[in-house]
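Visitor: I would like to learn how structural words are earned. Could you take me through some of them?

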Amino acid sequence: MGSIIMPDKYETLFGIIGVIIEIGPVVLSLLVSLCLLLCIIRDISHGSGSRKTILFAFGMACMLLSNIYWIIYDILRSGQRMPFAANEISEWALFLLLGAALSAAFPKKDSALVQKIFAAVFATANTALWIAWSGEWIQDVVTGLCLLYFLCNIAQGAKDTKALGRIQWAALSAACVLSVTFQALCFFLPESYTVYNVMSEPLSSLSLSAFVLYSFVKALKLRFSGDRGKSSCYAFIAYALCLCGMYMTSGLFYVGFYIANSVFTITIYRSFAKEGGHDIR
Amino acid sequence: MIYAENILLCIAIPLCCSLLFVRGDVRRFVGAFLLGMGVCLLSAYISGFINMATGLGSSDTSVFISPIVEELMKLMPLLFFLLMFEPESSVLANIATAIGAGFATFENCCYILSSGADNLSYVMIRGMSVGIMHIVSIFSLAMWFDIAKRLKVLSFPIIIGAMSLSMTFHAIYNLLVCGGGTSAIIGYLLPLFTAIVLAILYKRLQEKLVR
């Protein structure tokens with residue numbers, strides 16, 4: 001007595017919403033990767049596939065299979081924690097292939113040592129957080145190494161194209177530092193700081209999403225003004241930040257970053273597609 | 001309990017002997033077939049070791065770990081052959097098919113000896129699903145390498161990508177089959193369907209090459 005009894009139809013409705021929230025982003029990501037893969041195959045068959053587009057296509061193939069695996073796992077073993085599985089290797093491959101696509105798009109011109117060191121510190125901090133949450137050392141360290149390769153290539157690309165000015169570099173660094181700090185503080189503050197423990201995830205997400213949004217708008221603006229190189233860099237920065245946000249958060253924040261990540265994959269393709277120069281065919 | 005090493009010896013000796021009398025592509029095929037069987041035995045050892053070391057349980061090991069180990073072991077000889085001898089597309093495809101067929105044959109032999117072959121429909125399902133799956137996964141790997149080589153993008157990320165592709169395909173099959181019911185039926189049909197798609201794609205790729 002005294003408890004709220006939910007009518008059956010509402011229970012079903014909430015069940016459906018729950019399933020949509022759980023599987024929806026993965027299905028969206030699957031559809032995006034499938035569509036992009038088909039688009040790139042069409043581009044290649046029309047003779048407009050450059051080296052970076054092909055590497056990107058291979059990455060999309062990995063993303064597609066990883067998403068299929070996730071969906072099947074979610075349906076067959078819903079609620080069970082997934083141990084180390086093959087789809088994680090697909091994620092590693094995706095990072096490496098995207099990194100390789102970036103390095104094919106922007107052959108190294110200037111030294112970006114400072115930016116790469118910062119990328120290494122950020123990737124290490126992320127890895128440390130994953131290990132602290134999951135306790136899975138080996139797979140988190142390997143994922144961290146692949147992320148590091150990806151981030152270093154983004155830093156190199158951003159430096160080469162001069163996409164980011166001093167202020168933007170400072171803002172990006174601040175967003176990264178704040179997001180990691182807000183999450184890391186949870187481990188050092190006592191459990192009695194309940195308000196902070198609840199707020200750490202929104203604060204961390206907010207600091208990342210601010211720069212993600214800026215990068216997205218900038219990528220679109222540059223794309224329409226015809227500067228595809230810089231546009232690609234901003235699209236990749238938004239993609240990578242969303243990825244880090246996804247791995248750092250849970251619940252609705254995770255879903256938000258996941259959906260944004262799928263959108264930025266399209267932005268990357270749009271900035272890569274049919275770009276002139278370095279056509280290998 | 002079966003003695004897998006003894007079974008391997010029994011099957012391998014006549015095949016090794018046949019290597020003395022055949023030449024060219026056939027010799028290469030038989031050699032790769034033998035390699036596939038050896039690789040299957042090694043992966044069984046490694047999966048068994050991981051099962052014991054991690055305490056995952058035999059069911060979870062076969063669903064999550066075996067695809068990774070088996071595909072990695074199948075990739076090794078193919079990658080060695082690709083990097084050392086830089087073979088033509090058709091030769092690479094033959095080698096890949098032979099490694100996959102050898103792997104599947106030895107696995108099926110061991111499985112049938114351990115659980116019996118009295119149920120024909122079960123044996124047929126096993127042959128049509130696992131047997132084809134091992135060939136499809138390594139053949140797709142060879143196709144991936146071939147396309148990458150032709151487009152001049154063969155590099156470390158591409159190799160990891162190819163490996164992840166075959167591992168995830170294998171893992172999806174294992175996950176579906178372990179689910180039982182409808183998912184198992186989908187799982188059993190998946191390799192056959194993929195084999196048909198791959199065969200069509202391979203044919204189109206060859207036609208494009210000729211042109």
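Guide: Here is a short round of questions and answers on this predicted model.

Visitor: Let us begin with chain B. What makes up chain B, helices or strands?

Guide: Chain B has seven helices and zero strands. Read from the N terminus, its elements run α-α-α-α-α-α-α.

Visitor: Why is chain B called as compact as a globular protein of its length?

Guide: Set two values side by side. The radius of gyration of chain B is 17 Å. The globule rule gives 17 Å for 211 residues. The two are close, so chain B is as compact as a globular protein of that length. Its C-alpha atoms fill a box of roughly 50 × 40 × 35 Å along the principal axes.

Visitor: How much of chain B counts as buried?

Guide: Of its 211 residues, 38% count as buried. To be buried, a residue needs 20 or more other C-beta atoms within 10 Å of its own.

Visitor: What makes Phe193(B) exposed?

Guide: Count its neighbours. Phe193(B) has 12 other C-beta atoms within 10 Å. The cut-off for exposed is 12 or fewer. Phe193(B) is therefore exposed. This residue sits in helix 7 of chain B, residues 181-210. Its C-alpha atom is 10.0 Å from that of Val136(B), which is 57 residues away along the chain.

Visitor: Why are helix 2 and helix 4 of chain B called oblique to each other?

Guide: Look at the angle. The axes of helix 2 (residues 24-54) and helix 4 (residues 89-115) of chain B cross at roughly 45°. Angles under 35 degrees count as roughly parallel, and roughly perpendicular starts at 65. The value falls in between, so helix 2 and helix 4 of chain B are oblique to each other. Their axes come within 7 Å. The crossing is right-handed.

Visitor: Which residues meet there, and of what class are they?

Guide: On helix 2 of chain B they include Phe29(B), Phe33(B) and Leu41(B). On helix 4 of chain B they include Ile95(B), Ala98(B) and Phe106(B). By class, this contact has 15 nonpolar, five polar and three charged residues.

Visitor: How many residues does each chain give to the contact between chain A and chain B?

Guide: Chain A gives 27 residues and chain B gives 25. On the side of chain A, helix 2 (51-76) and helix 3 (86-105) each give two or more residues. Helix 2 of chain A gives the most, with 13 residues. By class, that side of chain A has 22 nonpolar, four polar and one charged residues.

Definitions and conventions
Residues numbered from 1 in each chain as written. Chains lettered and ligands numbered in written order. Predicted model: local features only at pLDDT ≥ 70, side-chain atom pairs only at ≥ 80, totals over all residues. Axes fitted to C-alpha atoms, helices over the stretch in contact; angles between N-to-C directions. Helix = DSSP H or I, 4+ residues; strand = E, 2+ residues; numbered from the N terminus. Parallel < 35°, antiparallel > 145°, perpendicular 65-115°, else oblique. Left-handed = near helix turned anticlockwise from the far one by under 90°. Contact = placed C-beta atoms within 7 Å. Nonpolar A, V, L, I, M, F, W, Y, C, P; charged D, E, K, R; others polar. Rg over C-alpha atoms; globule rule 2.2 N^0.38 Å.
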